[in-house]
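Biologist: Could you walk me through how to read a few features of a model like this one?
Modeller: Sure, let's put it on screen and start.

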Amino acid sequence: MSGRASAAAGAMEEGQAGYQSSEDGSHGSGSASNRCNDDMISVQFMQKIIAEVLGTYFMIFAGCGSVVVNLSTNGTVTFPGICAVWGLVVMVLVYSVGHISGAHFNPAVTVAFATCGRFPWKQVPSYAVAQVLGSTLASLTLRVVFGGATAHEHFFGTAPSGTVAQAVVLEFVISFYLMFVVSGVATDNRAIGELAGLAVGATVLLNVLVAGPITGASMNPARTLGPAIVAGRYRSIWVYMVGPVCGTVTGAWAYNLVRFTDKPLREITKSGSFLRATGRTS
(Lines give C-alpha, C1' and ligand atoms only; values in the text may rest on other atoms or scores of the structure.)
Protein backbone atom coordinates (compact mmCIF):
# COMPACT_ATOMS: atom_id res chain seq x y z
CA MET A 1 0.00 0.00 0.00
CA SER A 2 1.44 1.05 0.11
CA GLY A 3 3.78 1.87 -1.57
CA ARG A 4 4.61 3.98 -0.54
CA ALA A 5 6.77 4.54 0.44
CA SER A 6 8.21 5.87 -0.89
CA ALA A 7 9.02 8.83 0.00
CA ALA A 8 12.25 8.91 1.01
CA ALA A 9 14.38 11.80 1.05
CA GLY A 10 17.63 9.93 0.87
CA ALA A 11 16.99 8.94 -2.71
CA MET A 12 17.04 12.53 -3.70
CA GLU A 13 20.61 12.89 -2.65
CA GLU A 14 21.46 10.06 -4.95
CA GLY A 15 19.89 11.78 -7.90
CA GLN A 16 21.39 15.12 -7.00
CA ALA A 17 24.91 13.78 -7.20
CA GLY A 18 24.48 12.96 -10.85
CA TYR A 19 22.82 16.30 -11.45
CA GLN A 20 25.66 18.27 -10.01
CA SER A 21 28.29 16.40 -11.95
CA SER A 22 26.62 17.22 -15.24
CA GLU A 23 26.07 20.85 -14.28
CA ASP A 24 29.58 21.76 -13.27
CA GLY A 25 31.13 19.86 -16.15
CA SER A 26 33.88 18.48 -13.97
CA HIS A 27 33.45 14.92 -15.27
CA GLY A 28 33.56 13.67 -18.82
CA SER A 29 31.08 11.17 -20.21
CA GLY A 30 33.60 8.36 -19.89
CA SER A 31 34.26 8.93 -16.20
CA ALA A 32 30.53 9.31 -15.56
CA SER A 33 29.91 5.95 -17.22
CA ASN A 34 32.66 4.29 -15.18
CA ARG A 35 31.31 5.83 -12.01
CA CYS A 36 27.82 4.49 -12.75
CA ASN A 37 29.18 0.99 -13.40
CA ASP A 38 31.14 1.13 -10.15
CA ASP A 39 28.00 2.21 -8.30
CA MET A 40 26.15 -0.87 -9.56
CA ILE A 41 28.63 -3.26 -7.93
CA SER A 42 29.59 -1.28 -4.83
CA VAL A 43 28.95 -2.33 -1.25
CA GLN A 44 26.91 0.84 -0.76
CA PHE A 45 24.59 -0.07 -3.63
CA MET A 46 24.11 -3.58 -2.27
CA GLN A 47 23.20 -2.05 1.08
CA LYS A 48 20.54 0.00 -0.67
CA ILE A 49 19.13 -3.08 -2.39
CA ILE A 50 19.02 -5.00 0.89
CA ALA A 51 17.31 -2.03 2.54
CA GLU A 52 14.66 -2.01 -0.21
CA VAL A 53 14.06 -5.75 0.16
CA LEU A 54 13.74 -5.55 3.94
CA GLY A 55 11.72 -2.32 3.89
CA THR A 56 9.25 -3.67 1.34
CA TYR A 57 9.06 -6.95 3.24
CA PHE A 58 8.10 -5.29 6.52
CA MET A 59 5.69 -2.90 4.82
CA ILE A 60 3.81 -5.74 3.11
CA PHE A 61 4.01 -8.01 6.13
CA ALA A 62 2.45 -5.38 8.38
CA GLY A 63 -0.03 -3.93 5.88
CA CYS A 64 -1.23 -7.16 4.31
CA GLY A 65 -0.91 -8.88 7.67
CA SER A 66 -3.50 -6.49 9.09
CA VAL A 67 -5.80 -7.38 6.20
CA VAL A 68 -5.54 -11.14 6.65
CA VAL A 69 -5.81 -10.92 10.45
CA ASN A 70 -8.94 -8.83 10.05
CA LEU A 71 -10.40 -11.44 7.69
CA SER A 72 -9.39 -14.30 9.97
CA THR A 73 -10.86 -12.79 13.13
CA ASN A 74 -14.18 -11.51 11.79
CA GLY A 75 -13.18 -7.87 11.62
CA THR A 76 -11.18 -7.42 14.83
CA VAL A 77 -8.71 -5.00 13.23
CA THR A 78 -11.46 -3.04 11.42
CA PHE A 79 -11.07 -1.07 8.21
CA PRO A 80 -9.88 2.14 9.92
CA GLY A 81 -7.35 -0.01 11.76
CA ILE A 82 -6.02 -1.40 8.48
CA CYS A 83 -5.69 2.15 7.14
CA ALA A 84 -3.74 3.17 10.24
CA VAL A 85 -1.39 0.19 9.94
CA TRP A 86 -0.50 1.04 6.34
CA GLY A 87 0.16 4.67 7.21
CA LEU A 88 2.18 3.89 10.32
CA VAL A 89 4.37 1.22 8.76
CA VAL A 90 5.25 3.51 5.86
CA MET A 91 6.09 6.34 8.24
CA VAL A 92 8.29 4.15 10.44
CA LEU A 93 10.18 2.66 7.50
CA VAL A 94 10.81 6.04 5.87
CA TYR A 95 12.54 7.17 9.05
CA SER A 96 14.33 3.81 9.40
CA VAL A 97 15.93 3.37 5.97
CA GLY A 98 15.17 6.58 4.09
CA HIS A 99 18.78 7.69 4.57
CA ILE A 100 20.07 4.41 3.13
CA SER A 101 18.01 3.56 0.05
CA GLY A 102 15.52 6.41 -0.22
CA ALA A 103 12.75 4.13 1.12
CA HIS A 104 10.96 3.79 -2.20
CA PHE A 105 9.45 0.31 -1.60
CA ASN A 106 7.53 0.95 -4.80
CA PRO A 107 8.62 0.48 -8.45
CA ALA A 108 6.24 3.26 -9.53
CA VAL A 109 7.96 5.76 -7.21
CA THR A 110 11.38 4.66 -8.44
CA VAL A 111 10.35 5.10 -12.08
CA ALA A 112 8.82 8.51 -11.33
CA PHE A 113 12.04 9.74 -9.72
CA ALA A 114 14.02 8.43 -12.68
CA THR A 115 11.85 10.26 -15.23
CA CYS A 116 12.62 13.52 -13.40
CA GLY A 117 16.36 12.87 -13.41
CA ARG A 118 16.51 12.32 -9.65
CA PHE A 119 17.34 8.64 -9.75
CA PRO A 120 19.71 6.72 -12.08
CA TRP A 121 17.84 4.74 -14.74
CA LYS A 122 20.44 1.94 -14.55
CA GLN A 123 19.44 1.29 -10.95
CA VAL A 124 15.71 1.15 -11.61
CA PRO A 125 15.58 -2.59 -12.56
CA SER A 126 17.56 -3.57 -9.46
CA TYR A 127 15.29 -1.55 -7.20
CA ALA A 128 12.15 -2.95 -8.85
CA VAL A 129 13.35 -6.54 -8.48
CA ALA A 130 14.26 -5.92 -4.82
CA GLN A 131 10.83 -4.43 -4.12
CA VAL A 132 8.91 -7.26 -5.78
CA LEU A 133 11.13 -9.80 -4.01
CA GLY A 134 10.45 -8.22 -0.62
CA SER A 135 6.71 -8.17 -1.31
CA THR A 136 6.69 -11.79 -2.47
CA LEU A 137 8.65 -13.01 0.55
CA ALA A 138 6.32 -11.17 2.92
CA SER A 139 3.28 -12.62 1.16
CA LEU A 140 4.78 -16.09 1.34
CA THR A 141 5.40 -15.63 5.07
CA LEU A 142 1.77 -14.69 5.60
CA ARG A 143 0.67 -17.66 3.49
CA VAL A 144 2.71 -20.02 5.67
CA VAL A 145 1.58 -18.45 8.95
CA PHE A 146 -2.12 -18.33 8.09
CA GLY A 147 -2.30 -21.44 5.95
CA GLY A 148 -3.77 -22.12 2.53
CA ALA A 149 -6.90 -20.13 3.34
CA THR A 150 -5.05 -16.92 2.46
CA ALA A 151 -5.14 -17.91 -1.20
CA HIS A 152 -8.93 -18.20 -1.21
CA GLU A 153 -11.39 -16.57 1.17
CA HIS A 154 -8.61 -14.69 2.99
CA PHE A 155 -6.86 -13.26 -0.06
CA PHE A 156 -4.96 -10.10 0.95
CA GLY A 157 -4.03 -8.93 -2.52
CA THR A 158 -5.80 -6.25 -4.54
CA ALA A 159 -8.67 -6.66 -6.99
CA PRO A 160 -11.28 -4.15 -8.20
CA SER A 161 -14.64 -4.41 -6.49
CA GLY A 162 -16.18 -1.98 -8.99
CA THR A 163 -15.57 -1.54 -12.71
CA VAL A 164 -12.11 -1.73 -14.22
CA ALA A 165 -12.36 1.85 -15.46
CA GLN A 166 -13.25 3.02 -11.97
CA ALA A 167 -10.29 1.15 -10.52
CA VAL A 168 -7.80 2.58 -13.04
CA VAL A 169 -8.95 6.13 -12.37
CA LEU A 170 -8.83 5.71 -8.59
CA GLU A 171 -5.36 4.14 -8.66
CA PHE A 172 -4.13 6.93 -10.92
CA VAL A 173 -5.51 9.68 -8.68
CA ILE A 174 -4.28 8.27 -5.35
CA SER A 175 -0.86 7.47 -6.84
CA PHE A 176 -0.68 11.01 -8.23
CA TYR A 177 -1.53 12.39 -4.79
CA LEU A 178 1.07 10.20 -3.09
CA MET A 179 3.87 11.18 -5.48
CA PHE A 180 2.91 14.86 -5.37
CA VAL A 181 3.34 14.82 -1.59
CA VAL A 182 6.55 12.79 -1.80
CA SER A 183 8.02 15.25 -4.30
CA GLY A 184 7.16 18.15 -2.04
CA VAL A 185 8.58 16.85 1.23
CA ALA A 186 11.56 14.96 -0.19
CA THR A 187 12.88 17.18 -2.99
CA ASP A 188 12.06 20.78 -2.02
CA ASN A 189 13.91 22.49 0.82
CA ARG A 190 10.99 24.86 1.32
CA ALA A 191 9.06 21.92 2.78
CA ILE A 192 9.80 20.58 6.26
CA GLY A 193 12.05 17.62 5.53
CA GLU A 194 12.00 16.17 9.04
CA LEU A 195 8.28 15.55 8.67
CA ALA A 196 8.64 13.65 5.39
CA GLY A 197 7.82 10.29 6.95
CA LEU A 198 4.80 11.66 8.78
CA ALA A 199 3.47 13.41 5.66
CA VAL A 200 3.89 10.38 3.42
CA GLY A 201 2.46 7.98 6.00
CA ALA A 202 -0.57 10.23 6.47
CA THR A 203 -1.06 10.40 2.71
CA VAL A 204 -1.03 6.61 2.48
CA LEU A 205 -3.54 6.37 5.32
CA LEU A 206 -5.89 8.83 3.62
CA ASN A 207 -5.60 7.09 0.25
CA VAL A 208 -6.38 3.68 1.76
CA LEU A 209 -9.32 5.16 3.61
CA VAL A 210 -10.75 6.61 0.40
CA ALA A 211 -9.94 3.96 -2.21
CA GLY A 212 -9.37 0.82 -0.16
CA PRO A 213 -12.92 -0.57 -0.42
CA ILE A 214 -12.93 -0.12 -4.21
CA THR A 215 -9.42 -1.04 -5.41
CA GLY A 216 -7.47 -2.08 -2.32
CA ALA A 217 -5.55 1.23 -2.67
CA SER A 218 -2.40 -0.37 -3.99
CA MET A 219 -0.52 2.66 -5.40
CA ASN A 220 2.30 0.16 -5.77
CA PRO A 221 2.89 -2.59 -8.36
CA ALA A 222 5.04 -4.53 -5.88
CA ARG A 223 2.26 -4.49 -3.28
CA THR A 224 -0.07 -6.11 -5.82
CA LEU A 225 2.41 -8.50 -7.44
CA GLY A 226 3.66 -10.17 -4.24
CA PRO A 227 0.29 -11.49 -3.01
CA ALA A 228 -0.79 -12.26 -6.59
CA ILE A 229 2.29 -14.43 -7.22
CA VAL A 230 1.87 -16.35 -3.96
CA ALA A 231 -1.89 -16.87 -4.38
CA GLY A 232 -1.82 -17.31 -8.16
CA ARG A 233 -4.56 -14.71 -8.64
CA TYR A 234 -3.91 -12.20 -11.42
CA ARG A 235 -7.38 -10.83 -12.19
CA SER A 236 -7.16 -7.28 -13.59
CA ILE A 237 -3.56 -7.05 -12.43
CA TRP A 238 -2.73 -4.65 -15.27
CA VAL A 239 -4.83 -2.03 -13.46
CA TYR A 240 -2.26 -1.99 -10.67
CA MET A 241 0.63 -1.64 -13.09
CA VAL A 242 -0.78 1.11 -15.33
CA GLY A 243 -2.61 3.20 -12.73
CA PRO A 244 0.19 3.62 -10.17
CA VAL A 245 3.01 4.11 -12.71
CA CYS A 246 1.10 6.72 -14.73
CA GLY A 247 -0.13 8.39 -11.55
CA THR A 248 3.26 8.69 -9.87
CA VAL A 249 5.04 9.91 -13.00
CA THR A 250 2.34 12.53 -13.58
CA GLY A 251 2.41 13.52 -9.90
CA ALA A 252 6.16 14.03 -9.92
CA TRP A 253 6.04 16.22 -13.01
CA ALA A 254 3.03 18.14 -11.69
CA TYR A 255 5.02 19.12 -8.62
CA ASN A 256 7.88 20.23 -10.82
CA LEU A 257 5.48 22.56 -12.60
CA VAL A 258 4.34 24.25 -9.39
CA ARG A 259 7.80 24.32 -7.87
CA PHE A 260 8.44 27.75 -9.44
CA THR A 261 11.31 29.69 -7.90
CA ASP A 262 14.03 32.04 -9.05
CA LYS A 263 16.66 29.70 -7.61
CA PRO A 264 18.36 26.97 -9.69
CA LEU A 265 17.15 23.39 -9.23
CA ARG A 266 20.33 22.31 -7.46
CA GLU A 267 19.72 24.95 -4.80
CA ILE A 268 16.08 24.14 -4.03
CA THR A 269 16.80 20.41 -3.81
CA LYS A 270 19.30 21.00 -1.04
CA SER A 271 17.76 20.62 2.38
CA GLY A 272 18.51 20.75 6.05
CA SER A 273 16.44 17.61 6.56
CA PHE A 274 18.10 15.23 9.01
CA LEU A 275 17.19 12.40 6.61
CA ARG A 276 19.27 13.81 3.80
CA ALA A 277 21.98 15.12 6.08
CA THR A 278 22.49 11.61 7.41
CA GLY A 279 22.53 10.26 3.89
CA ARG A 280 25.36 12.59 2.92
CA THR A 281 27.53 11.58 5.83
CA SER A 282 26.96 7.83 5.54
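Modeller: What follows covers a pocket, some cysteines and one helix residue in this predicted model.

Biologist: Let's start with empty space. How much space lies in the second largest pocket?
Modeller: Rolling a probe the size of a water molecule over the atoms shows where empty space is left. Here, the second largest pocket holds about 380 Å³. Its lining has 23 residues, and V67, G157, G212, G216 and R223 are the closest to the centre.

Biologist: Which elements give two or more residues to that lining?
Modeller: Those are α3 (43-72), α4 (79-101) and α8 (196-215). The biggest share comes from α8, with five residues. By type, the lining residues split into 13 nonpolar, eight polar and two charged.

Biologist: On to the cysteines. How many disulfides does a search of the whole structure find?
Modeller: Zero, across the whole structure.

Biologist: Are C83 and C116 buried or exposed?
Modeller: The cut-off for buried is under 20% relative accessible area. C83 counts as buried because its relative accessibility is 1%, and C116, at 10%, is buried too.

Biologist: Now V230. Where does V230 lie, and which residues does V230 touch beyond four places away in sequence?
Modeller: V230 belongs to helix α9 (residues 221-231). With a relative accessible area of 17%, V230 is buried. Leaving out residues up to four places away in sequence, V230 touches T136, S139, L140 and R143. Take R143: V230 and R143 are 87 residues apart along the chain, yet their C-alpha atoms are separated by 7.7 Å.

Methods: Residues are numbered from 1 along each chain as its sequence is written. This is a predicted model: local features need pLDDT of at least 70, side-chain atom pairs count only at pLDDT 80 or more; totals for chains, interfaces and linings use all residues. Side-chain values use heavy atoms; hydrogens and water are left out. A disulfide is a pair of cysteine sulfur atoms within 2.5 Å. Buried means under 20% relative accessible area, exposed over 50%, partly exposed in between (1.4 Å probe, protein chains only). On a 1 Å grid over the protein atoms alone, a cavity is a set of points where a 1.4 Å probe fits but cannot get out, and a pocket is an open set with protein on both sides within 12 Å along at least five of seven lines; lining residues have an atom within 4 Å of a point. Grid points are joined across faces, edges and corners, and a volume is the space filled by probe spheres set on the points. Helices (H or I, at least four residues) and strands (E, at least two) are DSSP runs, numbered from the N terminus. Ala, Val, Leu, Ile, Met, Phe, Trp, Tyr, Cys and Pro count as nonpolar, Asp, Glu, Lys and Arg as charged, and the others, Gly among them, as polar. Contact means heavy atoms within 4.5 Å.
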